[in-house]
Amino acid sequence: MENKPVFDEDFVYPKFEKSMIKTHTILIPSMLDIHMALFESVLIQSGYNVEIMKNQGPEVVEEGLKYVHNDTCYPALLVIGQFIDNLNHRDDTHNVVLLITQTGGGCRASNYIHLLRKALVKAGYDYIPVVSLNPSNLEKDSGFHIDYKTIFKIVAAMTYGDVLMYLYNKTRSYEVEAGSAKKLTFDWVDNVSKQFEVGKGTSYRDLRKNINDMAKSFDNLALDLSHAKPKVGIVGEIYIKYASLGNNHLEEFLVSQNAEVMVPGLYGFTLYTMYNAIYDHEIYGRSKKTALINRFLIWYFRRREKLMINAISKTKFTPMKYFKHTKDLSEGVLDHGTKMGEGWLLTAEMMELVEIGYSNVICAQPFGCLPNHICGKGVMKKIKSIHPDANIIAIDYDPSATRVNQENRIKLMLAIAREKISKDDEATL
Ligand code: SF4
């Protein structure tokens, strides 16, 4: 295909064709290791060749800066940089497809796909199709479609991913045998993937059994709870919060500093987008039908959320809160009509974390992100007035921010957190 200039409006971007399912590898940006491992096996079982990109390092940022303007949202710069860096290191780039997720909301994330396509043209990869995975029917003419069976598997994978991430975070800082929490987590990833392969693991009954068994197995893991550690929650823009590439391996850094770390699950973001469809109707007069569909979806997800909370309640671990409760916590702090980017979810998650014992909160904010600065940094004073014990800091992530600076600020936060723990305090989970 002829390499057209990026500003050529007549240029027809290549589409994903059905026949490519058998011949092409679908590249997916990395984020949330546990969930991604489950999603990868679901998609492979559905006949897709998928590869979660593992390439990281300064080259990714350099490639991003080459093809994306440096005042663009940092997550876009990283995702595009990771794709281009990956393509630069492949022998054959004629058999790959790039997949990105879009929320379809009003935020700039809904436009990343156009930035990516422009970057591909600039980098000489204009023949590579880009696929969008989104709930809003964006990019309707793509040949990439997921059948209902796969959607049910993905929802089940998300549920297991949230449970496993929660339990892994609860135990990883206290394990007696180094690596045992991670091993248990990925043993479960294998176990569930094998169940999916034989058509099991997605029914309500299977979910209940698996989630109960997961909770029990983590409850039996040997832990050293003789010393309390600072409990730190992470919130922020979804990519920077979840992707180690985006937050400079924040979770690993906190564990290395002898802290317990907690990151809210994907259910929160999913339910947040569903509630927003209802608020869109109630506040902004948008589609009643969409609001009704989302009411049904909320009911569906809340039944599964109950399974998680019930199972964890039977162990020594404090469970997460029901999302309905988390949502209500933000009332009076930020209006639910504030829904660009992570919007009111950011405020609600900070308040939930403080309520379940993670009074030290890091708000991971990407450069160029206005919504997160308003709904994160902008509400911290108010949250501290409600929870005077809350120790919340905002850390900025951008191409020029140095890791040393970020880590020094986090060490200061941890020093304040440690002052509140006496040396005889035992850990409570
Ligand atoms: S949430 Fe922030 S970083 Fe993400 S697309 Fe919106 S403005 Fe950009």
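Into which domains is the chain divided? In this predicted model, the chain falls into domain 1, which spans 20-144, and domain 2, which is assembled from 229-265 + 320-429. The C-alpha centres of domain 1 and domain 2 lie 27 Å apart, and 21 residues of domain 1 are in contact with 21 residues of domain 2.

The area buried between domain 1 and domain 2 comes to about 1,600 Å², with carbon and sulfur atoms giving 72% of that area. On the side of domain 1, Met-31, Gln-56 and Tyr-74 supply 35% of the area that this domain buries against domain 2, more than any other three residues. As for specific polar interactions, the count between domain 1 and domain 2 is zero salt bridges, while three residue pairs are in polar contact, both partners being at pLDDT 80 or more.

The elements that give two or more residues to the side of domain 1 that touches domain 2 are H3 and H4, and the largest share of that side, six residues, comes from H4. By residue class, the side of domain 1 that touches domain 2 divides into twelve nonpolar, seven polar and two charged residues.

Both of these helices also take part in packing around helix H5, which covers residues 112-122, since the buried residues of H5 pack against helix H3 (58-67) and helix H4 (74-88), as well as against strand E3 (96-101) and strand E4 (130-133). Within H5, the buried residues are Tyr-112, Ile-113, Leu-116, Arg-117, Ala-119, Leu-120 and Val-121. Just after H5, Gly-124 takes a positive phi of about 85 degrees.

Definitions and conventions
Residues numbered from 1 in each chain as written. Predicted model: local features only at pLDDT ≥ 70, side-chain atom pairs only at ≥ 80, totals over all residues. Heavy atoms only, no water. Buried < 20%, exposed > 50% of the residue type's maximum accessible area, 1.4 Å probe, protein only. Helix = DSSP H or I, 4+ residues; strand = E, 2+ residues; numbered from the N terminus. Contact = heavy atoms within 4.5 Å. Domains from an automatic or database assignment. Buried area = accessible area lost by both parts, 1.4 Å probe. Salt bridge = Lys/Arg side-chain N within 4 Å of Asp/Glu carboxyl O. Polar contact = N/O pair within 3.5 Å; in protein donor to acceptor, adjacent residues only side chain to side chain. Nonpolar A, V, L, I, M, F, W, Y, C, P; charged D, E, K, R; others polar.
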